[in-house]
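The following exercises are to be worked through with the sequence and the model side by side. Each task is followed by a solution that goes step by step.

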Amino acid sequence: MDPALKRRLASRFGERLTAPIHQRHDETEIRIGPGDVPDVCRTLHDEPEFAFLVLADLAGVDTGTTMQVVYHLWSETSSDWLRIVADGLTRDDPRVPSVTFLWKGAEWMEREAYDMFGITFEGNRDLRRIYMPPDYQSFPLRKDFFLPDDAARSPGAGVRHMEQVHVPRAGRPATTIRKAPA
Amino acid sequence: MTSAPPRGQQEVPSDDPRVQLDEALGVFEPVPPYPPRTEREAEFYTLGDGEMFINMGPQHPSTHGVLRIVLKIDGENVVDLDPVLGYLHRGVEKLCENADYHHSIAYLDPLEYISSLFCEWPGVMAFEKLLDVTPPPRAEYLRVLSSELNRILSHSMFIGWMALDLGGLTPILYGLIERDEIAEMLAALTGQRLLFNYFRIGGVNGDLNHEFLSRLGDWMSRATTQIDANLGLLNENEIFVRRMRGLGTMDQATALRMCMTGPNIRATGIPLDFRRAHPYSVFPELDFDIPTRDEGDCLARYLVRVDEIKQSLRIIDQCLNQMPDGPIMAKLPRLLRPRPGRAYAAVEGPRGQYAAYVISDGTDQPFRMRIHDPSFVHLQAVGTLMPGHLIADAMAVMASLDPIMGGVDK
Amino acid sequence: MKKSRAGGSGTGPDDAAAISSAAPGNAASALAIRDAAVASPIVVSNTLWQSSDPNAYLGGLEPEVTHLREVEASGIARRDDARWSGALEVIPTKADYVLDLIRANSLWPLLSGLACCAMEMMSSATSRNDMDRWGMFPFRASPRQADVLIVAGTLTTKMAGPLVRLWEQMPEPKWCVAMGDCTCSGGRYKRSYATVEGIDRVMPVDVYVPGCPPRPEGLIYGMMKLQQIVKDRRGHWPDRAVGPTVPEDV
């Protein structure tokens with residue numbers, strides 16, 4: 001919980017943030033639109049008052065209605081992790097500019113987000129599938145990918161009845177609680 | 001080679017004898033892939049004069065698991081390379097989304113199977129943040145104790161593999177002696193030799209017992225001399241040192257750009273250790289140094305890990321002396337429903353930063369379980385470091401980055 | 001219908017995560033499946049992965065034989081010279097016995113550790129649990145020189161092709177040991193989209209060594225069982241399975 005960081009972020013990026021800065025435990029979260037990602041990241045990386053030189057993680061998220069790309073940064077100037085959520089990517093054609101110009105190590109993390117979600121990172125020179133075979137059709141971590149579907153197209157897989165029955169997590173809880181009769 | 005146009009950009013007719021030969025030999029994926037999908041692929045799969053492709057396929061004695069590297073070589077020099085991953089992709093993140101919070105911990109273990117406790121730890125920490133649960137101090141000390149033992153195990157294996165990839169077949173046996181002893185110790189504590197499944201949300205699974213403590217005491221009394229003796233095989237070995245010195249040098253700017261963490265970045269001089277930089281658990285109360293080197297070459301990465309073993313021994317000593325009494329698990333409801341929200345937790349493991357980013361939606365299953373693994377990020381550096389070296393040295397460079405394919409592929 | 005405490009949740013107002021169906025008092029989330037009736041299972045035969053793009057991989061040229069199951073059905077493999085046939089099937093000779101003894105005591109494994117079980121395989125091959133006592137120390141890197149394929153670790157769909165190719169490249173007599181739960185039945189990754197549930201879906205297995213991972217002593221027990229199998233196989237070689245040992249609709 002670093003209030004100084006919150007003040008600095010609010011004063012520097014005030015108008016670009018699409019949601020109030022959220023702090024909990026040792027994390028500070030800011031939300032921006034996807035187009036702002038290169039500028040915000042470059043500012044955070046280059047300016048000495050921020051100096052977020054370490055990109056800790058780059059993740060894609062499918063919230064069911066939108067897609068997001070989440071960056072976690074670390075700096076010596078703050079005791080918090082900084083989480084940047086690039087929110088508002090559409091689910092049918094999610095695009096976000098790439099941060100590989102700042103951190104070349106983000107290349108594979110973006111490839112993974114592309115492979116798992118279908119998020120296109122504009123500016124990534126090597127955006128192809130990294131985990132699944134190169135001609136795989138679906139994006140496995142999306143919320144509309146249910147485990148049985150593409151298992152059917154993979155080699156050596158016979159899909160069993162049990163897998164087809166699986167209802168995704170929006171259905172019912174995984175464990176049933178037996179209650180004593182009232 | 002005839003003056004054929006670059007293979008990446010031409011039509012390949014099926015009556016071409018090279019194609020028919022490839023087919024007769026049963027090449028799994030012909031190189032170059034046709035057509036190239038990205039800019040980088042087109043650049044890579046264009047052969048210059050005198051260059052050729054060599055495929056280090058998924059089964060190869062020198063890769064740390066199933067990794068396929070397509071090398072573009074000019075004689076014995078590596079000009080460029082293209083790692084192909086995914087041969088161990090098991091869909092862990094998707095499986096965690098469909099499992100309870102408790103079950104997810106079991107999926108996290110086999111990611112980096114050498115350092116399983118470090119894979120479990122950030123997941124468990126993130127769950128605890130979402131549940132606003134603090135493990136009792138004894139549990140924290142047990143976590144640190146077992147994980148530092150795991151760190152020594154991992155580094156012992158690293159030393160063995162480092163030498164194995166350079167061609168030395170003996171040090172791996174010594175590394176495995178260490179590993180076996182620590183594995184038996186941890187089996188006495190956790191019940192498992194390899195995929196420990198020891199951490200729980202709110203604490204750990206088992207307390208210290210007589211067998212573990214007797215094995216641990218036994219081992220620690222001779223650990224320093226034994227490790228020094230094992231290392232004496234290598235540290236003073238002229239072939240080893242001369243081969244590794246000056247190889248695969250990475251400077252600080254490159255290391256930060258490639259998102260290195262752990263011993264790889266400490267070998268370049270940046271003292272980034274998340275146990276000190278972003279303290280978690282009981283590390284603020286423990287006294288240890290962060291070994292750093294300046295050269296940034298393979299030898300520096302190796303020596304940083306060797307020094308870390310000694311620091312881990314110090315930490316284990318302090319844990320045993322300072323271990324408080326008390327419960328080893330916090331009180332939790334049977335059915336866990338964390339608050340909706342997001343949590344990120346990171347720990348410093350033997351390879352670097354292990355992290356987990358968990359999004360909870362209030363149900364008993366995680367909505368999104370993102371696992372960040374250091375080996376995945378570090379393996380990108382082979383593309384920067386390997387070109388320009390001989391093939392044999394290229395393998396040494398990759399070994400010094402210490403990737404584990406279970407973590408790379410998730 | 002928003003939850004009353006959606007304000008401080010940190011997930012944003014529009015997330016499906018904030019509108020959760022399982023928590024009490026909420027409307028159905030955006031992902032609710034209306035029709036939860038059980039669909040009929042999709043049964044897919046065991047085939048190697050094929051690219052769906054007709055122009056990829058040399059215009060989609062088909063190799064002659066795509067799967068070991070077809071190899072077995074067509075009987076091509078039965079013509080192999082390493083297989084005794086005719087009268088020798090029925091009458092095991094002393095030469096047979098000696099050959100099997102030789103083979104059993106120098107089974108050379110192929111270095112094919114895929115995942116965590118590879119660690120335990122390495123551990124069982126080195127000083128503390130020494131497989132060299134049974135002659136199994138040299139882990140050959142080339143399949144041409146190996147006798148046993150100890151598949152140690154999860155088999156993913158992407159790796160299934162290379163592994164079957166390794167198996168096909170090994171000259172007979174050869175045996176396969178499925179080490180670890182993932183290779184026996186899929187293990188903890190049984191419901192995953194990217195794993196093969198047990199290697200007996202793609203190749204014939206002789207010994208299953210369960211465990212996650214099996215202790216080195218367990219693997220050694222499995223290898224000793226394999227030695228027994230090798231010795232007992234006198235005269236029964238032509239009947240040995242060539243293709244997957246699991247029925248197609250499982």
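**Exercise 1. Lay out chain C: in which order do its elements run, and how many helices and strands are there?**

Read from the N terminus, the elements of chain C follow the order α-α-α-α-β-α-β-α-β-α-β-α, where helices (H or I, at least four residues) and strands (E, at least two) are DSSP runs numbered from the N terminus. The count comes to 8 helices and 4 strands. This is a predicted model, in which local features need pLDDT of at least 70 and side-chain atom pairs count only at pLDDT 80 or more, while totals for chains, interfaces and linings use all residues. Residues are numbered from 1 along each chain as its sequence is written, and chains are lettered from A and ligands numbered from 1 in the order in which they are written.

Next, consider burial and contacts. A residue is buried if 20 or more other C-beta atoms, placed from the backbone, lie within 10 Å of its own, exposed if 12 or fewer, and partly exposed in between; of the 250 residues in chain C, 42% are buried. Two residues are in contact if their C-beta atoms, placed from the backbone, lie within 7 Å, and among the contacts in chain C between residues at least 6 apart in sequence, 74% join residues at least 24 apart.

**Exercise 2. Describe how H5(C) and H8(C) are placed relative to each other, and which residues make their contact.**

Begin with the axes, which are lines fitted to C-alpha atoms, for helices over the stretch in contact, with angles running from 0 to 180 degrees between N-to-C directions. The axes of H5 (residues 116–125) and H8 (residues 216–232) of chain C come within 8 Å and cross at roughly 75°. Angles under 35 degrees count as roughly parallel, over 145 as roughly antiparallel, 65 to 115 as roughly perpendicular and the rest as oblique, and H5(C) and H8(C) are therefore roughly perpendicular to each other.

Then list the residues: H5(C) brings C:Glu120, C:Met121, C:Ser123 and C:Ser124, and H8(C) brings C:Pro216, C:Leu219 and C:Ile220. With Ala, Val, Leu, Ile, Met, Phe, Trp, Tyr, Cys and Pro counted as nonpolar, Asp, Glu, Lys and Arg as charged, and the others, Gly among them, as polar, this contact divides into 4 nonpolar, 2 polar and 1 charged.

Finally, look at the loop between strand S4 (207–209) and H8 of chain C, where C:Pro213 is found. The peptide bond from C:Cys212 to C:Pro213 is cis, with omega near -10°.

**Exercise 3. Characterise chain B as a whole, and then by its domains.**

Chain B holds 17 helices and 8 strands, and 57% of its 410 residues count as buried. Its radius of gyration, taken over C-alpha atoms, is 23 Å, which agrees with the value near 22 Å for a compact globule of 410 residues under the rule of 2.2 Å times the number of residues to the power 0.38.

The domain assignment, from an automatic or database source, gives domain 1 (7–84) and domain 2 (92–409) of chain B. Their contact takes 14 residues from domain 1 and 17 residues from domain 2. On the domain 1 side, strands S2 (68–74) and S3 (77–84) of chain B each give two or more residues, and the largest share, 6 residues, comes from S3(B).

**Exercise 4. Which element of chain B gives the largest share of the side that touches chain A?**

First, note that 40 residues of chain B are in contact with 36 residues of chain A. The largest share of the chain B side, 4 residues, comes from S7(B), and that side divides into 14 nonpolar, 12 polar and 14 charged residues.

**Exercise 5. Is B:Cys259 buried or exposed, and what is its phi?**

B:Cys259 lies in the loop between H10 and helix H11 (263–266) of chain B. B:Cys259 is buried, with 28 other C-beta atoms within 10 Å, and its phi is near 60°, a positive value in a residue other than glycine. For comparison, A:Ala51 has a phi near 55° and is partly exposed, with 16 other C-beta atoms within 10 Å.
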